[in-house]
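This report reviews selected features of one protein model for a reader at the bench. Please keep the sequence and the coordinates in view while reading.

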Amino acid sequence: MDTYVMIAYKNIGPKMCVKECMSHNGCNSVNFRTETLVCELLTVSYPGDQLSNVSGYSFTEINRWTQDKSACWPNPCGGRTRCVTAAYNNQPIYDPCHNVTCDNDGVCRNDNGGYRCNCEDGFYGPHCEYTPCSTNPCNNGGSCTYTGSSFSCNCINGYYGSKCQNYRSSCSFWCKKKKK
C-alpha cells in the first residue's frame, strides 16, 4: 500500500480522527493508535487495501463513514487543505493561495485580505513573472542577462554603454585625427 501521512494529531479520539480526515481535502483514510491516542490522516493511493490492528494501529477508509451535510462536507477546498467552518453562518473559509501559481519558484503566502507571492531573488511582480530583463532595458539590439536583481547588456558591434545606448563607428577618434 502506498500511503502519505498528511498530518498527525495527538490526544484525540477515533471519531474525531475520522472527522478531521473528512475536513481535510485529499485525506481518504486514517491510522489510529488507541494506546497513545495518535491519529494519522492519510492519502492512500490504492484504496481497498485492508489494514487493521497492525502494530497497535487501527486503519479505516473514510468512504465507509458518513457525516451530516455542512459547508465543509463534502469538502469544497482544493489541494491538501482543511476546510474550517466559520462561526458565522456556517460558511467555509477558503485558502486564498488555493488557485494561485507563483512563477519562477515563488511561494504563495496568505496576506491580509488576499495573497502575495514571495519571489526568489531576481524576480518580481504579482506572480514573480518579471526579471530585471523583462522591460528590455538594452537598446539597439543588445541582449540582456540577469544575475539576482541586477542585469547587464551585451551590445552588438558598434554600440557600447550600460544599456548599449552609445554608438561608435569603426573609425571614431583616430579617423578624425588623421583628417587634420
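How far apart do the end C-alpha atoms of residues 129-165 lie, and what shares of the span are helix and strand? The model discussed here is predicted. In it, the end C-alpha atoms of residues 129-165 are 26 Å apart, and the span is 32% strand and 0% helix. This stretch also appears in the UniProt record: an unreviewed entry places the feature "domain: EGF-like" at residues 93-127 and 129-165.

**The largest nonpolar core**

In general, nonpolar side chains of soluble globular proteins tend to be buried together. In this model the largest nonpolar core has 12 residues: Met6, Ile12, Cys17, Val18, Cys21, Met22, Cys27, Val30, Phe32, Cys39, Leu41 and Ile62. Helix H1 (14-23), strand E2 and strand E3 (38-44) are the elements that give two or more residues to this core. The largest share, 4 residues, comes from H1. Apart from this core lies another, of 7 residues, including Cys97, Cys102, Phe123 and Cys128.

Cys17, a member of the largest core, lies in helix H1. Cys17 counts as buried because its relative accessibility is 0%. Beyond its neighbours within four places in sequence, Cys17 is in contact with Ile12, Val30, Asn31, Phe32, Cys39, Glu40 and Leu41. One of these partners, Leu41, is 24 residues from Cys17 in sequence, while their C-alpha atoms are 7.6 Å apart in space.

Val30 belongs to the core as well. Not counting residues up to four places away in sequence, Val30 touches Cys17, Val18, Cys21, Glu40, Leu41, Leu42, Ser58, Phe59 and Thr60.

**Ser29 in strand E2**

Is Ser29 buried or exposed? With a relative accessibility of 0%, Ser29 counts as buried. Ser29 is placed in strand E2, which covers residues 29-33. Outside the residues up to four places away in sequence, Ser29 touches Cys21, Glu40, Leu41, Leu42, Val44, Phe59, Thr60, Glu61 and Ile62. The side chains of Ser29 and Asn28 are joined by a polar contact of 3.5 Å. Val5 stands 24 residues from Ser29 along the chain, and the C-alpha atoms of the two are separated by 9.7 Å.

**The salt bridge**

Side chains of opposite charge can pair when their charged atoms come close. How many salt bridges does a search of the whole structure find? The search finds 1. In a salt bridge, the side chains of Glu35 and Arg33 meet at 3.6 Å, N to O. Glu35 is exposed, with a relative accessible area of 64%, whereas Arg33 is partly exposed, at 25%.

**Aromatic pairs and the loop between E8 and E9**

A pair of aromatic rings is described by the distance of the centres and the angle of the planes. The structure holds 3 aromatic pairs, and two of them are set out below.

| Ring pair | Distance of centres | Angle of planes | Class |
|---|---|---|---|
| Phe123 and Tyr146 | 6.0 Å | 80 degrees | edge-to-face |
| Tyr124 and Tyr130 | 5.6 Å | 40 degrees | tilted |

Why does the pair of Phe123 and Tyr146 tie together parts that are 23 residues apart in sequence? Phe123 lies in the loop between strand E8 (114-118) and strand E9 (143-147), whereas Tyr146 lies in strand E9, so the pair links parts separated by 23 residues in sequence. Tyr146 counts as partly exposed, at 35% relative accessibility. In the tilted pair, Tyr124 is partly exposed at 40%, and Tyr130 is partly exposed at 37%.

Thr131 is found in the loop between E8 and E9. Its relative accessible area is 11%, and Thr131 is therefore buried. Leaving aside neighbours within four places in sequence, Thr131 is in contact with Gly122, Phe123, Tyr124 and Tyr146.

**Positive phi angles**

Cys128 also has its place in the loop between E8 and E9. Although Cys128 is not a glycine, it has a positive phi of about 60 degrees. Asn11, likewise not a glycine, has a positive phi of about 60 degrees. Asn11 lies in the loop between strand E1 (3-10) and H1. Asn11 is exposed, with a relative accessible area of 62%, whereas Cys128 is buried, with a relative accessible area of 0%.

Notes: Residues numbered from 1 in each chain as written. Predicted model: local features only at pLDDT ≥ 70, side-chain atom pairs only at ≥ 80, totals over all residues. Heavy atoms only, no water. UniProt positions renumbered as here; feature names shortened; annotations may be inferred. Buried < 20%, exposed > 50% of the residue type's maximum accessible area, 1.4 Å probe, protein only. Contact = heavy atoms within 4.5 Å. Polar contact = N/O pair within 3.5 Å; in protein donor to acceptor, adjacent residues only side chain to side chain. Core = buried A, V, L, I, M, F, W, Y, C linked by side-chain atoms within 4.5 Å. Salt bridge = Lys/Arg side-chain N within 4 Å of Asp/Glu carboxyl O. Phe/Tyr/Trp six-rings, centres within 6.5 Å; stacked < 30°, edge-to-face > 60°.
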